[in-house]
Amino acid sequence: MATELTKAMKGSLCHEFETGLTAADVWEAYGGLLVGNLIPKLLPEVFSKVELVEGDGGVGTILLVTFSPGTPGSETMEEKFIKVDNENYIKEALVTEGGFLDHGFQKYLVRIEIIGKGEKTSIIRSTIEYEVDHEHANNLPAVSTSGLATIAEAVTKYIKEQKALE
């Protein structure tokens, strides 16, 4: 009976955002380190800074994300890129310290997929996969794709503005 209580609850959430940009253009921002550099500039009310701890943007890269004062939850989180697929435009980042892990989560993974839709547009599909122990199951309402949606909108707007300057 005790093992039933210690089993984690698993779940996932997904959000899709149509960009009006080619998949290749969006992947230029999301595929490496650019998105991490852009986020504090585009969304300073949420992200104070994103620092490169280790790596070059490929698998194994570790980033330290510092949230702005007043942001609910932890002050920082560390995430590690566990998948960077430049052919299929898929990136997965696993939170390894801080963030939701400080609030009873055993796993918190973000997957970003850039899906081409015709010649002139693409979709940013953001998926969160998580595991949380039953004791902290009341933290589940805090899991949301709204932050990823806000990032997708801000990055898309930035790319469009840069393209207009070319």
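Let's start at a turn: Gly118 sits in the hairpin of β6 and β7, which has 3 residues between the strands, and takes a positive phi near 75°. Keep in mind that this is a predicted model.

**The sheet**

That hairpin belongs to a bigger arrangement. Which order do the strands of the sheet follow? There are 7 strands, and they line up as β1-β7-β6-β5-β4-β3-β2 in an open sheet with antiparallel pairing. At the edges you'll find β1 (8-18) and β2 (47-54); each has a single partner strand, so one side of each is left without a neighbour in the sheet. On average, neighbouring strands here are turned by 20° against each other, direction ignored.

Now zoom in on β6, with a partner on either side in that order. Strand β6 (residues 105-117) pairs with strand β7 (residues 121-133) in the antiparallel sense, over 12 bridges. Want a couple of landmarks to click on? Lys107 has Glu131 of β7 as its bridge partner, and Val110 stands opposite Ile128, also in β7.

Turn to β5 and you'll see that 5 bridges join it to β6, again with the strands running antiparallel. Here Leu94 has Leu109 of β6 as its bridge partner. The hairpin of β5 and β6 has 6 residues between the strands, and in it Gly99 takes a positive phi near 55°.

One general idea helps when you look along any of these strands: in a regular strand, side chains alternate between the two faces of the sheet.

**The helix lying across the sheet**

Next up is α2. This helix lies across β4 (76-85), β5 (90-98), β6 and β7, and it runs at about 150° to β6. Is α2 mostly covered or mostly open? It is mostly covered, with 6 of its 8 residues buried. Those buried residues are Ala23, Asp25, Val26, Trp27, Ala29 and Tyr30. What do they pack against? Their neighbours are α3, β4, β5, β6, β7 and α4, a list that mixes helices and strands.

**Two helices that cross**

Helix α3 (residues 34-42) also has buried residues: Val35, Gly36, Leu38, Ile39 and Pro40. The buried part of α3 packs against α2, β2 and α4.

How do α3 and α4 meet? Two packed helices are described by the angle between their axes and the distance between the axes. In this model, the axes of α3 and α4 come within 10 Å and cross at roughly 100°. That makes α3 roughly perpendicular to α4. On the α3 side, the contact is made by Val35, Leu38, Ile39 and Leu42, while α4 brings Ile151, Ala154, Val155 and Tyr158. Sorted by class, this contact has 8 nonpolar residues, with no polar and no charged ones.

**Salt bridges**

Time for the charged side chains. How many salt bridges does the model have? The count comes to 11. Here are three of them, with the distance between the closest N and O atoms and the relative accessible area of each residue.

| Pair | Closest N and O atoms | First residue | Second residue |
|---|---|---|---|
| Asp25 and Lys163 | 3.5 Å | Asp25, 18% | Lys163, 33% |
| Lys49 and Glu51 | 4.0 Å | Lys49, 39% | Glu51, 32% |
| Lys157 and Glu161 | 3.9 Å | Lys157, 54% | Glu161, 40% |

Take the pair of Asp25 and Lys163, whose closest N and O atoms are 3.5 Å apart. This pair links distant parts of the chain: Asp25 is in helix α2 (residues 23-30) and Lys163 is in helix α4 (residues 146-165), 138 residues apart. Asp25 is buried at 18%, because the cut-off for buried is under 20% relative accessible area. Lys163, at 33%, counts as partly exposed.

Lys157 and Glu161 make a more local link: both lie in helix α4, 4 residues apart, about one turn of the helix. Lys157 is exposed at 54%, whereas Glu161 is partly exposed at 40%. As for Lys49 and Glu51, Lys49 is partly exposed, and so is Glu51.

Finally, back to the sheet. Which residues are linked in a network of salt bridges? They are Glu92, Lys107, Arg111 and Glu129. You've already met Lys107, the residue whose bridge partner in β7 is Glu131.

Notes
Residues are numbered from 1 along each chain as its sequence is written. This is a predicted model: local features need pLDDT of at least 70, side-chain atom pairs count only at pLDDT 80 or more; totals for chains, interfaces and linings use all residues. Side-chain values use heavy atoms; hydrogens and water are left out. Helices (H or I, at least four residues) and strands (E, at least two) are DSSP runs, numbered from the N terminus. Buried means under 20% relative accessible area, exposed over 50%, partly exposed in between (1.4 Å probe, protein chains only). Axes are lines fitted to C-alpha atoms, for helices over the stretch in contact, and angles run from 0 to 180 degrees between N-to-C directions. Angles under 35 degrees count as roughly parallel, over 145 as roughly antiparallel, 65 to 115 as roughly perpendicular and the rest as oblique. Contact means heavy atoms within 4.5 Å. Ala, Val, Leu, Ile, Met, Phe, Trp, Tyr, Cys and Pro count as nonpolar, Asp, Glu, Lys and Arg as charged, and the others, Gly among them, as polar. Two strands pair if DSSP finds at least two bridges between them.
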